[in-house]
Amino acid sequence: MAFQAYGGEGWLLTKLEQLINWGRKRSPWPLPYGTACCGIEMMAALASGYDLARFGAERPSFSPRQADVLIQAGTITKKMVPVFKRIYDQMAEPKWVISMGACACSGGVFRTYSTLQGIDLVVPVDVYVPGCPPRPEGLIYALLKLIEKIEKDHPLRKKAAEIGIGG
Amino acid sequence: MGLKEDVQNTLGELALDFLECQGDLSVTVPKDKIVDALTKLRDDLGFDFLSDVFGVDNSAFYEKLAKAKAKKKKGEEDKKEEEPQGPPPPRFEVIYLLLSLETNRRLAVKVKVPEDDLVVDSVTSLWRAADWPEREVFDMFGIKFKGHHNLKRLLMWDEFPAHPLRKDYPLEGQGEERIMEYNDND
């Protein structure tokens, strides 16, 4: 985005897509879905010591309808899959998913009949955070990576392709 | 008087077998007399607190034991001991852990449950605390509790087709997935 100001009158030269991305990347409101020890680290990341709000994740939304980023922090059992999928489905587009910790990424140590072997079997994942559990720095890094991804997105072109106009 | 004598006196012929291990006493009682035995232990000996109820699948243990025996026999063929060939030991056990809050004594009460008769009387009439543990045992081993008011799965979902803590159930499951049932319109 080009931003210049000459003299008293300022002017802004940009593309609409970049403007949209600029708005989106600065307000990735998280939906915290803490199910295990990763949830504790996520709380630490959200609290004042690490303060995830510095990066725009100002308001942890406990309603999926007003959230942008689903932070899955912890194990998902097979029994819980319908609940989890339903919450993901309830989120409004655009939405992203951070898979935090070994359990969410791959099932972790729980290679058993009852545990989902990675949430990417159920929902699309944007950023994986390894660790058992990852430190808050790990989650912050993941959020920064996600912001990078949002920056490079083409929301209008994607939408146009979806409804079949333009190219 | 020691705990073992107390239990022996209280249960009488209901006590089939005693086992003392690391200072912990366990007593085996007949399967159809479990409510009687636990009532006696609760009312006469003061075991007023039921800590836990859980199941055990001994099939792997018995297999291991049989293998070790066969190996030993091969080594000592000259002795030619004939083992009495009785019916196979019951596959499952249900174990009740009791605690006396007054005297701080603990006791494990076992019943043996053969595979062809997977029904044990429920002790929810004695302790409401037995409700969920019995449901868990039903969930994990398929042992039914007669007289339980709400015997359905506790941990796995209702349609789950197997009993996962049985030794013949593979650790990573048989590919069971919970099926999603909800409308887009909801």
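This passage describes the nonpolar cores, one helix and one pocket of a predicted model. Residues are numbered from 1 along each chain as its sequence is written, and chains are lettered from A in the order in which they are written. In this predicted model local features need pLDDT of at least 70, side-chain atom pairs count only at pLDDT 80 or more, and totals for chains, interfaces and linings use all residues, while side-chain values use heavy atoms, without hydrogens and water.

The largest nonpolar core (buried Ala, Val, Leu, Ile, Met, Phe, Trp, Tyr and Cys residues joined through side-chain atoms within 4.5 Å; buried means under 20% relative accessible area with a 1.4 Å probe, protein chains only) has 42 residues. Those with the most contacts inside this core are Val7(B), Leu38(B), Leu41(B), Tyr96(B) and Val109(B). Its largest share, five residues, comes from α2(B) (helices are DSSP runs of H or I, at least four residues, and strands runs of E, at least two, numbered from the N terminus). Another core, of 20 residues, lies apart from it and includes Ala57(A) and Ile150(A).

In α4(B), nine of the 11 residues are buried, among them Val137(B), Phe138(B) and Phe141(B). The buried residues of α4(B) pack against β3, β4 and β7 of chain B (contact means heavy atoms within 4.5 Å). Gly142(B), with a positive phi near 80°, follows the helix α4(B).

The lining of the second largest pocket (an open set of points on a 1 Å grid over the protein atoms alone, where a 1.4 Å probe fits, with protein on both sides within 12 Å along at least five of seven lines; lining residues have an atom within 4 Å of a point) consists of 13 residues. α6(A) gives the most to this lining, with four residues.

Methods
Buried < 20%, exposed > 50% of the residue type's maximum accessible area, 1.4 Å probe, protein only.
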